Amino acid sequence: MKHFNTFLKTVLLTFLVSLTCVTSRAVESADSVDIALLTCGPGDEVYSLYGHTAIRYTDHRTGEDMVINYGMFSFNQDYFVLRFVFGLTDYQMGITPFDYFMREYQYEGRWVYQQTLNLTAEQKRAIGEALARNYLPENRTYRYNFFYNNCTTKARDVIVGQLGCDIEYPQRNLDGVTFRTMLHQWNEDYPWSRLGNDLLLGVKADRQVSMAERQFLPDSLREDFEDAYLRLPSGERRKLVSDSRMLYEPSLSQLAEKQDAESGFAAAMPPMAVALAVLMVMIVVTIIEWRTRRILYGLDILWLLATGVGGIILTAMIFSQHPTVSLNFQILILSPLCLIALWPVVRSLRRRQFGRWLWVIAGSLALSLFMGIWQKYDAAIWTLALSLLFRVAVLYNWCKRTKQTTA
């Protein structure tokens, strides 16, 4: 392993030196360079569900063949999860020999698609210079943002920003296309991951995206590059991509393994099944209360505690640097107020009274359903909200009947 690390460092150093010296190369030397966009298929981990983008830099004259990507990070960073939640995660630019890059994705069973860019020698040199600058120690680390500054947008910007000409993307119908709907195309087989995304994303994730914004996803950028044209200063109009090909496609056995996207409890109990189970518990408890003529407020302790803890997470997201999470109407369902209301609600129920806190919770749940016109909730969240509203209505009816009986 020590010899391998030494060899890898030597290769990367040689590649970096060649990039920094690219300005001194002649035009014919730059013509020996190929620059390609690599788009990689999704993996099984949460952070890899949406694919990956990298840049392949090949110099046929020197034999250099490297992959540059902006998706390097480490879970060993201090407070990684906390920093990620609050949008304070730092990612790095990394350089890997092409062979090692391909082995990794073949091992993971993820497809790799290559688009060789149809660039002039001057454009290739400009991109080489930009890559060299970005790899300097003071530049290679950047503040990651899932939608606006990720491994895909960084690769796009370093390419497009050095072209020195306009780029014409194909016209696409973006009606109804939002950040949320785009994510749903890739996490459909991972219902718990999908629920987690939908819980954290607020109403700003439901506005229509622009052409540039849709390119935060690797496959969207691949599609746009495929049909894009360059408008050169000379007036020439040429396709951005000169050659497209699939470098690696998973075998049928690897694809079969990926069909079991989530396993264990996640597969046996998807979010909607859990939400329906909660509704059934509410109904069963209501029947038991009707027969025994007692309020089983232990159930109310449980749901107030659970929704209150969930509300703390959504409240924390208000202070996150992610631009699409600060305004989230689901905080009316998973509300931290439930923790404050816990004891007053239990105390009032023990007295067979429908206290003011239950009115607050009922109003909050009703308002959340109305706000669902603008923000898209997961079906499980809709079911949960209706279940809680049903429970509050049962408590109101119970307390009203008790009061009438007493009177």
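# Exercises on helix and sheet packing

The crossing of helices α7 and α8 is right-handed in this predicted model.

**Exercise 1.** Determine how α7 and α8 are oriented towards each other, and which residues make their contact.

*Solution.* Begin with the axes: α7 (residues 179-187) and α8 (residues 191-200) pack at an angle of about 165°, with 10 Å between their axes. Angles over 145 degrees count as roughly antiparallel, and α7 is therefore roughly antiparallel to α8. Next, identify the residues in contact: α7 contributes Arg180, His184 and Asn187, while α8 contributes Pro191, Arg194, Asn197 and Asp198. Finally, sort them by class: one residue is nonpolar, three are polar and three are charged.

**Exercise 2.** Find the salt bridge that joins Asp198 to Arg180, and state which parts of the chain the pair ties together.

*Solution.* Side chains of opposite charge can pair when their charged atoms come close. The N to O distance between the side chains of Arg180 and Asp198 is 3.2 Å, and the cut-off for a salt bridge is 4 Å. Arg180 belongs to helix α7 and Asp198 to helix α8, so this pair links parts 18 residues apart in sequence. The count for the model comes to 19 salt bridges.

**Exercise 3.** Establish the strand order of the seven-stranded sheet and explain which strands stand at its edges.

*Solution.* The sheet is open, its order is β6-β4-β3-β2-β1-β5-β10, and the pairing is antiparallel. β6 (141-143) and β10 (241-248) each have a single partner strand, so one side of each lacks a neighbour in the sheet. On average, neighbouring strands are turned by 25° against each other, direction ignored. At the β6 edge, three bridges connect this strand to β4 (residues 90-97). Gln92 is placed opposite Thr141 of β6.

**Exercise 4.** Describe how α6 and α9 lie across the strands and how these two helices meet.

*Solution.* First, place each helix. Helix α6 (residues 151-160) lies across β1, β2, β3, β5 and β6, at about 40° to β2. Helix α9 (residues 218-226) lies across β1, β2, β5 and β10, at about 35° to β5. Second, compare the helix axes, which come within 9 Å and cross at roughly 30°. Angles under 35 degrees count as roughly parallel, and α6 is therefore roughly parallel to α9. The crossing is right-handed. Third, list the contact: Thr152, Arg156, Ile159 and Val160 of α6 meet Pro218, Leu221 and Phe225 of α9. By class, this contact has five nonpolar residues, one polar and one charged.

How values were computed:
Residues numbered from 1 in each chain as written. Predicted model: local features only at pLDDT ≥ 70, side-chain atom pairs only at ≥ 80, totals over all residues. Heavy atoms only, no water. Axes fitted to C-alpha atoms, helices over the stretch in contact; angles between N-to-C directions. Helix = DSSP H or I, 4+ residues; strand = E, 2+ residues; numbered from the N terminus. Parallel < 35°, antiparallel > 145°, perpendicular 65-115°, else oblique. Left-handed = near helix turned anticlockwise from the far one by under 90°. Contact = heavy atoms within 4.5 Å. Nonpolar A, V, L, I, M, F, W, Y, C, P; charged D, E, K, R; others polar. Pairing = 2+ DSSP bridges.
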